[in-house]
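Student: Could we go through this one by asking what the labels really rest on?
Tutor: Sure, let's take a look.

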Amino acid sequence: MLTEFHDALKDPAAYGKRLKEEGGRKVVGYFCSYTPEEIIYAAGAHPFRLFGAGDGIHLADAHFQSYCCSLVRGALEGALAGRFDFLDGVVFPHTCDSIQRLSDVWRMNVRGHFHLDVVLPVKLNTDSAKAYMTDVLEKFRNDLERKLGTSITEDGLKKAARTFNDIRGSLKRLYELKSENPGIVSGADLYAVVKASMIMDRDRVVRLLPGVVRELEKRRGTGEGEEGKRLVLAGGICNHPDVYRVIEEAGGVVVWDDLCTGSRYFEEVTEGGGSPVADLAGHYLARPVCPAKHSGLYARAERLVEIVKEKRAAGVVFLFLKFCDPHSFDYPYLKKALDEAGIPSMVLEVEDRLPSEGQLTTRFETFVHMI
Amino acid sequence: MLTAGIDIGSISTKAAVLADGRLLGSRVIFTGYNSEAAGKKVFEELLEELGLLASAVRRIVSTGYGRSSVKFVDKAVTEIICHGTGAHFLNPLVRSVIDIGGQDSKAIVLDEHGKVKNFAMNDKCAAGTGRFLEVMANALEADLDGFGEMSLKADRPAGISSLCTVFAESEVISLIAKGESRVNIIAGIHESIAARVSALANRVGIVPPVVMTGGVAKNAGVVKALEKKLGVPIEVSPFAQVNGAIGAAIIAAGLR
């Protein structure tokens with residue numbers, strides 16, 4: 001059932017290349033879940049999320065200091081090594097400082113495809129944010145039309161919103177099923193579905209996901225009765241499927257997350273009612289924020305505590321990329337909010353590879369025992 | 001009922017045997033290359049020393065980084081939990097444990113029952129660990145067992161600013177070349193470890209009474225430097241190095 005998702009993740013670049021050659025479609029790479037994928041899709045192109053390299057970073061070290069996160073360094077590594085040569089363009093949303101510098105370094109050192117910045121607003125809860133966001137997305141639409149030599153129609157945008165709403169809705173349903181019956185699917189499998197949904201052909205994804213939902217619904221009640229301690233994983237992107245296995249082996253189970261490769265991506269859908277671009281702007285304002293955006297001083301902490309309570313979790317595991325400063329800046333106040341609510345937590349800092357498994361296991365086993 | 005705990009660390013392997021909550025004996029050997037063999041060996045040697053047969057021991061718990069490599073035990077439990085249990089057994093009033101082992105250091109906060117309330121672990125590098133001391137002893141051509149005593153004679157501890165073990169070793173070599181006294185360098189090394197470990201301890205928010213466990217606790221210089229940095233007295237039991245094994249043996253007694 002999940003083979004197709006796992007296969008796509010084995011070599012995402014090969015998948016993207018094949019999609020381009022066989023489907024004749026243009027492929028547009030992007031960083032971060034704040035990229036308005038719907039507009040890329042509505043342009044008839046394929047939105048392809050870029051992740052870190054995962055197998056050693058050497059070339060990028062000539063351009064970035066070691067205080068940049070491994071996602072940013074790994075992505076540049078992939079580009080400099082020619083692994084992203086098949087891309088027709090790359091989109092950089094204005095989120096954290098490192099992504100913006102990545103955009104600059106990329107523009108100067110990586111040739112062969114177009115380059116677009118999407119300068120999103122930072123404060124999303126102000127009166128002017130909606131108009132600002134709508135303008136930015138309208139500009140992105142015009143830029144893309146020019147770069148791809150196509151026109152993006154209102155109907156195309158509406159269809160895109162529907163497709164991505166369906167994908168987000170299915171992913172959310174899968175999370176709910178897992179949360180209610182943790183034993184029916186492994187954390188690593190569910191992670192693969194979410195991540196592959198940001199890489200694979202969305203027309204294919206939107207058709208496959210309801211089948212996965214049906215299969216998991218069928219497995220309900222037949223699960224092995226997984227009795228692990230219920231945990232919430234919180235942080236930036238998760239590029240480490242092994243984390244789920246190590247947590248499960250230590251006696252825990254991830255029942256929800258606050259990740260941009262997770263619930264922050266699918267939690268909200270695009271509501272209709274206005275012009276298609278304004279509706280999309282509404283979505284990107286309403287979705288749960290990451291620490292590079294602002295939607296109220298305590299919004300992130302309140303949401304995290306709410307997730308823990310609603311999902312009846314016993315604790316939170318923070319998963320941070322080393323040197324991810326937005327997440328590190330938010331951590332003390334998130335931790336304080338959890339402490340005040342009596343929710344235990346631990347931090348795991350990772351780079352492109354996980355720390356030595358022995359020590360990782362020691363920390364997870366102790367944490368699971370402690371809570 | 002006889003129970004045993006086996007703590008397989010990165011540098012040394014420890015065993016302890018308890019009879020109904022009373023410590024019968026303990027033993028320490030080097031771990032070497034094969035952690036499974038070390039676990040087996042220390043257990044057999046301790047049994048021989050105590051004149052016991054393996055069949056007399058009802059339950060065994062293993063701990064330490066090599067805890068999963070031994071197959072003859074009833075359960076494997078992390079060394080953080082075992083150090084907490086061991087420290088509580090030796091002194092029920094203890095609320096915090098600082099464990100400096102061969103390859104990592106840990107700060108553990110306990111509740112009144114000896115259960116882990118919070119912990120932090122330095123698992124990123126060798127700074128602030130037993131391995132760091134070994135490297136420095138080598139650079140100084142000094143006997144590690146005498147480190148503690150020697151550092152207490154220092155009049156002005158040398159400043160060592162590098163966090164990295166390899167760079168700190170170069171710093172020590174430069175200090176030797178500059179003619180700095182050995183005792184001051186050793187005291188500086190201890191202060192550098194104390195700075196690392198106290199940062200860890202402050203992060204979890206340790207509460208007194210504090211006890212120090214692990215092999216490095218045998219070094220009075222590190223204990224003194226850490227007391228100064230943290231501003232609280234630190235207790236060291238004569239069983240500091242086998243504390244994890246004792247904790248494992250206690251947990252073994254509670255197994256059903």
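What follows is a short talk about strands, a core and domains.

Tutor: Housekeeping: this is a predicted model, where local features need pLDDT of at least 70, side-chain atom pairs count only at pLDDT 80 or more, and totals for chains, interfaces and linings use all residues. Residues are numbered from 1 along each chain as its sequence is written, and chains are lettered from A and ligands numbered from 1 in the order in which they are written.

Student: What makes β1(A) and β2(A) a pair?
Tutor: Pairing takes at least two DSSP bridges, and β1 (27-30) and β2 of chain A have four, in the parallel sense. One of the links joins Val28(A) to Pro47(A) in β2(A).

Student: Why is the crossover from β1(A) to β2(A) called right-handed?
Tutor: With the strands pointing away from you, a right-handed path from the first strand over the helix to the second runs clockwise. The β-α-β path through helix α3 (37-42) of chain A is classed that way.

Student: Which residues cover the two faces of β2(A)?
Tutor: His46(A) and Phe48(A) are buried on one side, Pro47(A) and Arg49(A) on the other. Buried means 20 or more other C-beta atoms within 10 Å of the residue's own, with C-beta atoms placed from the backbone.

Student: Why does the largest nonpolar core lie between two domains of chain B?
Tutor: Such a core is a set of buried Ala, Val, Leu, Ile, Met, Phe, Trp, Tyr and Cys residues joined through C-beta atoms within 7 Å. This one has 195 residues, and α6 (182-204) of chain B gives the most, ten. Domain 1 (1-91 + 239-256) and domain 2 (93-236) of chain B both contribute, so the core lies between them.

Terms used
A residue is buried if 20 or more other C-beta atoms lie within 10 Å of its own, exposed if 12 or fewer, and partly exposed in between; C-beta atoms are placed from the backbone. Domain bounds come from an automatic or database domain assignment.
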